[in-house]
Amino acid sequence: MASPKLSSTNARLAAGLGVLACAAFGFAYLQPPLYRAFCEWTGINDVQKADDFQASSVAGRPVTIEFDANTHGQGLRFISLHNAVQARTGELVQVSFRVQNTSDRPITGQAVPSYGPRHAANFVKKLECFCFRQQTFAPGEVRDMPVVFALDRQLPDDVVTVTLSYTFFEVPGTSADAAAAAKPLSGPAKGT
């Protein structure tokens, strides 16, 4: 028969594990809304913004849009094919970025956007972007990837320059899946 002290310890342990299990379930339950809120705050997932965009034939005000490309990790070379463009609010803009897999293995990566100034993220309406999903690159593959977007006409007047920056991160643990999905290409290819 268990001593009263051992029974008390077991009861506290069971209660603690029960609270931990409930907290883990609650955290898992809250993941989707927390992720959506985080993506909206950071501008990572711009798909919903594209639905709000309507092109207009009336020219908006001029804005300089600068582009920046970075990588995190080794194996991918990532550059913007445009340093900056002059555009008008409400006007569709298309630019391209180039990714090259410099390694001898397939690499899966995901581009994450950021904006300068940060609140400009609320006024960039992306219609097409390679950042919407993970990309797999075969060894030596070079791919030009477009971004199609517009700046909302509600962009504050004090913002005359917007910087659109992407950082390409290698997705860890995907090398086996990437090897199956990647197909070597002969020369530059245009992807999505």
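Lysine 125 is buried in this predicted model, with a relative accessible area of 8%. Its side chain nevertheless has a charged partner: aspartate 152 forms a salt bridge with lysine 125, and the closest N and O atoms are 3.7 Å apart. The pair brings together distant parts of the chain, since lysine 125 belongs to strand 6 (residues 124-129) and aspartate 152 to the loop between strand 8 and strand 9, 27 residues apart. Unlike buried lysine 125, aspartate 152 counts as partly exposed, at 22% relative accessibility. With the cut-off for burial at under 20%, the value of 22% places aspartate 152 in the partly exposed class, whereas the 8% of lysine 125 falls in the buried one.

This pair is one of 5 salt bridges in the structure. Side chains of opposite charge can pair when their charged atoms come close. Another such pair is made by arginine 98 and aspartate 144, with an N to O distance of 2.6 Å. Arginine 98 sits in strand 4 (residues 92-101) and aspartate 144 in strand 8 (residues 142-151), so this salt bridge ties together parts that are 46 residues apart in sequence. The 2.6 Å separation also appears as a polar contact between the side chains of aspartate 144 and arginine 98. How accessible are the two partners, buried or partly exposed? Aspartate 144 is buried, with a relative accessible area of 13%, while arginine 98 is partly exposed at 31%.

A further salt bridge joins glutamate 170 to arginine 105, where the closest N and O atoms lie 3.0 Å apart. Here too the partners come from distant parts of the chain: glutamate 170 is in strand 9 (residues 161-170), and arginine 105 is in the loop between strand 4 and strand 5 (107-116), with their positions 65 residues apart in sequence. In this case both partners are partly exposed: glutamate 170 has a relative accessibility of 28%, and arginine 105 has a relative accessible area of 33%.

These pairs can be placed within the overall fold. The secondary structure of the protein chain comes to 3 helices and 10 strands. Read from the N terminus, the elements follow the order α-α-β-β-β-β-β-β-β-β-β-α-β. Among contacts between residues at least 6 apart in sequence, 76% join residues at least 24 apart. Of the 192 residues of the protein chain, 37% count as buried. The accessible surface of the chain comes to about 11400 Å², and carbon and sulfur atoms account for 58% of it.

Strand 9 offers another view of how the chain packs. Threonine 167 lies in this strand and is buried, with a relative accessible area of 18%. Leaving aside residues up to four places away in sequence, threonine 167 touches Asn70, Thr71 and His72, as well as Gln110, Ala111 and Val112. The loop between strand 8 and strand 9, which holds aspartate 152, also contains valine 160. Beyond residues up to four places away in sequence, valine 160 touches Arg61, Val63 and Thr64. Its C-alpha lies 5.1 Å from that of valine 63, although the two valines are 97 residues apart in sequence.

Two local features deserve a friendly mention. The peptide bond from glycine 116 to proline 117 is cis, with omega near -10°. Most peptide bonds, by contrast, are trans. Proline 117 is located in the loop between strand 5 and strand 6. At the surface, Leu13, Leu17 and Leu20 form a nonpolar patch, with about 310 Å² of accessible area together. Leucine 17 of this patch is in helix 1 (residues 4-42).

Finally, a word on confidence. The mean pLDDT of the protein chain is 81, and 73% of its residues reach 70 or more. Over residues 181-192 the pLDDT is below 50, yet this stretch has 23 contacts in the model beyond near neighbours in sequence. Where pLDDT is low, the predicted coordinates should not be read in detail.

Methods. Residues are numbered from 1 along each chain as its sequence is written. This is a predicted model: local features need pLDDT of at least 70, side-chain atom pairs count only at pLDDT 80 or more; totals for chains, interfaces and linings use all residues. Side-chain values use heavy atoms; hydrogens and water are left out. pLDDT is the predictor's confidence in each residue, from 0 to 100. Contact means heavy atoms within 4.5 Å. A salt bridge is a side-chain nitrogen of Lys or Arg within 4 Å of a carboxyl oxygen of Asp or Glu. Helices (H or I, at least four residues) and strands (E, at least two) are DSSP runs, numbered from the N terminus. Buried means under 20% relative accessible area, exposed over 50%, partly exposed in between (1.4 Å probe, protein chains only). A polar contact is a pair of N or O atoms within 3.5 Å; within protein, one must be able to donate a hydrogen and the other to accept it, and residues adjacent in sequence count only if both atoms are side-chain atoms. Accessible areas come from the Shrake-Rupley method with a 1.4 Å probe; for residues, only the protein chains shown count as cover. Patches are made of residues with over 30% relative accessible area and no salt bridge: like charges are joined within 9 Å, nonpolar side chains (Val, Leu, Ile, Met, Phe, Trp, Tyr) within 5 Å.
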